[in-house]
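Visitor: I have a model open and would like to go through the strand pairing and the charged contacts. Could you take me through them?
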Amino acid sequence: MMMQTAPIPASVPQDVDVIKEPLVEVPDPITESQASPDTENVLSELTDVDRLLITKRLRVKAVLFLRGKKNRFSVRTPDQNLVYTVEEENSWWVGYFCYGLRPLQLRVFNSSSVEVMRINRPYACTSRVFPCQLQNVQVFSPPGRRIGSIEQQWAPVRPIYLVRRENGDEAFWLQGPRVTISFFRDIQFRIQRADGAHVGSTCKRWQGLLHAMFFAPVTDR
């Protein structure tokens with residue numbers, strides 16, 4: 001039986017500005033005594049930022065020593081100031097047998113090496129026509145405090161994701177192109193509010209044929 005989903009808002013302009021470069025166990029909820037007075041400001045580094053550049057690098061040493069395929073991400077502003085470092089954690093075997101769909105946990109550290117966010121993604125398929133279990137990402141900030149989720153919606157052509165707040169309310173919709181393989185072009189996802197207002201976008205950059213043939217599995221933007 002095909003699954004139905006709520007209709008997405010009207011399409012938005014194609015112009016995009018913002019660049020993108022991203023579980024195993026859900027962390028235990030934090031207690032009141034563990035909560036920091038600055039809990040509301042753990043992502044304060046993003047207050048005045050309107051664009052982020054994310055670079056992915058595969059931990060080659062982990063692959064060579066059979067510790068799994070794990071990525072590390074650096075999040076910078078356009079003037080190359082480091083905002084966050086993201087470390088991927090997963091079981092050693094999942095990277096070899098279900099790499100693209102692997103369950104994982106992302107730990108986000110600020111420039112002071114303090115963990116400010118944790119992102120958990122369980123294993124799920126991505127079939128657009130006969131989905132049995134769609135992608136679902138839980139976001140915690142600070143770790144232990146759930147602030148929202150990103151849920152893949154059933155769609156026969158374009159990939160669609162719904163961003164929800166902690167209470168389940170709709171926050172944003174993400175809509176991608178019909179073809180999500182970066183081949184001689186950038187891959188862009190539009191971000192819009194429930195009312196259809198365009199608020200941003202993500203973009204995976206095409207870096208040339210040589211990069212795609214030899215370096216894309218190791219590093220990407």
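Visitor: Which residue stands opposite isoleucine 150?
Guide: Isoleucine 150 faces valine 163 in S8. This is a predicted model, in which local features need pLDDT of at least 70, side-chain atom pairs count only at pLDDT 80 or more, and totals for chains, interfaces and linings use all residues. Residues are numbered from 1 along each chain as its sequence is written, and side-chain values use heavy atoms, with hydrogens and water left out.

Visitor: How many bridges join S7 to S8?
Guide: Six bridges join S7 (residues 146-153) and S8 (residues 160-165), which run antiparallel. Strands are DSSP runs of E, at least two residues, numbered from the N terminus; two of them pair if DSSP finds at least two bridges between them.

Visitor: Any salt bridge there? Which side chain does arginine 164 meet?
Guide: Arginine 164 meets glutamate 151 in a salt bridge at 3.0 Å, N to O. A salt bridge is a side-chain nitrogen of Lys or Arg within 4 Å of a carboxyl oxygen of Asp or Glu. The pair links strand S8 with strand S7, 13 residues apart.

Visitor: And glutamate 87: what is its partner?
Guide: Glutamate 87 forms a salt bridge with arginine 72, with the closest N and O atoms 2.6 Å apart. Glutamate 87 lies in strand S3 and arginine 72 in strand S2, so the pair ties together parts 15 residues apart in sequence.

Visitor: Is glutamate 87 buried or exposed?
Guide: Glutamate 87 counts as buried, at 17% relative accessibility, whereas arginine 72, at 39%, counts as partly exposed. Buried means under 20% relative accessible area, exposed over 50%, and partly exposed in between (1.4 Å probe, protein chains only).

Conventions:
Helices (H or I, at least four residues) and strands (E, at least two) are DSSP runs, numbered from the N terminus.
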